Amino acid sequence: MPHIIVEHSQNLAGDQDIESLCQEIFDMMAAHPTFPNPSAIKVRALGYNHRVQALENDHFVHATIKLLPGRDDETKKQLSQNLLDLLMERLGNASSFSVDVEDLSSAYVKAAR
């Protein structure tokens, strides 16, 4: 844990740029003391072809950090701000940036093989 999902307008960056961004996000999260087990970190990105915004430049980036409950608000704010800073640095041609942090519900289950 956590899951980091980056949603972005398609063609905002090339596939290699998005892949390297995912690695940078992983590395940033793995370095944070709240995640002692980097093997539990999962990062993925989704590009959207269709979107509507009232902006001339309609390129956007939104990331969601999904966490198991128990992190304090200060930690969540730090994680979201760090991620926002990275997204703005790496994907500067977007006009809209946002990051949200969600606690997973008690119904969350996982399995591995």
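Strands here are DSSP runs of E with at least two residues, and helices are runs of H or I with at least four, both numbered from the N terminus. You're looking at a predicted model, where local features need pLDDT of at least 70, side-chain atom pairs count only at pLDDT 80 or more, and totals for chains, interfaces and linings use all residues. Residues are numbered from 1 along each chain as its sequence is written, and side-chain values use heavy atoms, leaving out hydrogens and water.

**Exercise 1.** Work out where E102 is found and what E102 is in contact with.

*Solution.*
- Start with the strand: E102 belongs to β4, residues 96–103.
- Next, check exposure: E102 has a relative accessible area of 32%, which means partly exposed, as buried is under 20% and exposed over 50% (1.4 Å probe, protein chains only).
- Then list contacts (heavy atoms within 4.5 Å). Skipping neighbours within four places in sequence, E102 touches T64, I65, K66 and L67.

**Exercise 2.** Find the strand order of the open sheet, and say which strands stand at the edges.

*Solution.*
- Strands pair if DSSP finds at least two bridges between them. The order of the four strands is β2-β1-β3-β4, with mixed pairing.
- β2 (42–48) and β4 are the edges: each has a single partner strand, so one side of each lacks a neighbour in the sheet.
- Now take one pair: β1 and β2 run parallel, joined by seven bridges.

**Exercise 3.** Place I4 in the sheet and list its contacts.

*Solution.*
- Look across to β2: I4 stands opposite V43.
- Beyond four places in sequence, I4 is in contact with I25, M29, I41, K42, V43, R44, T64, I65 and L83.
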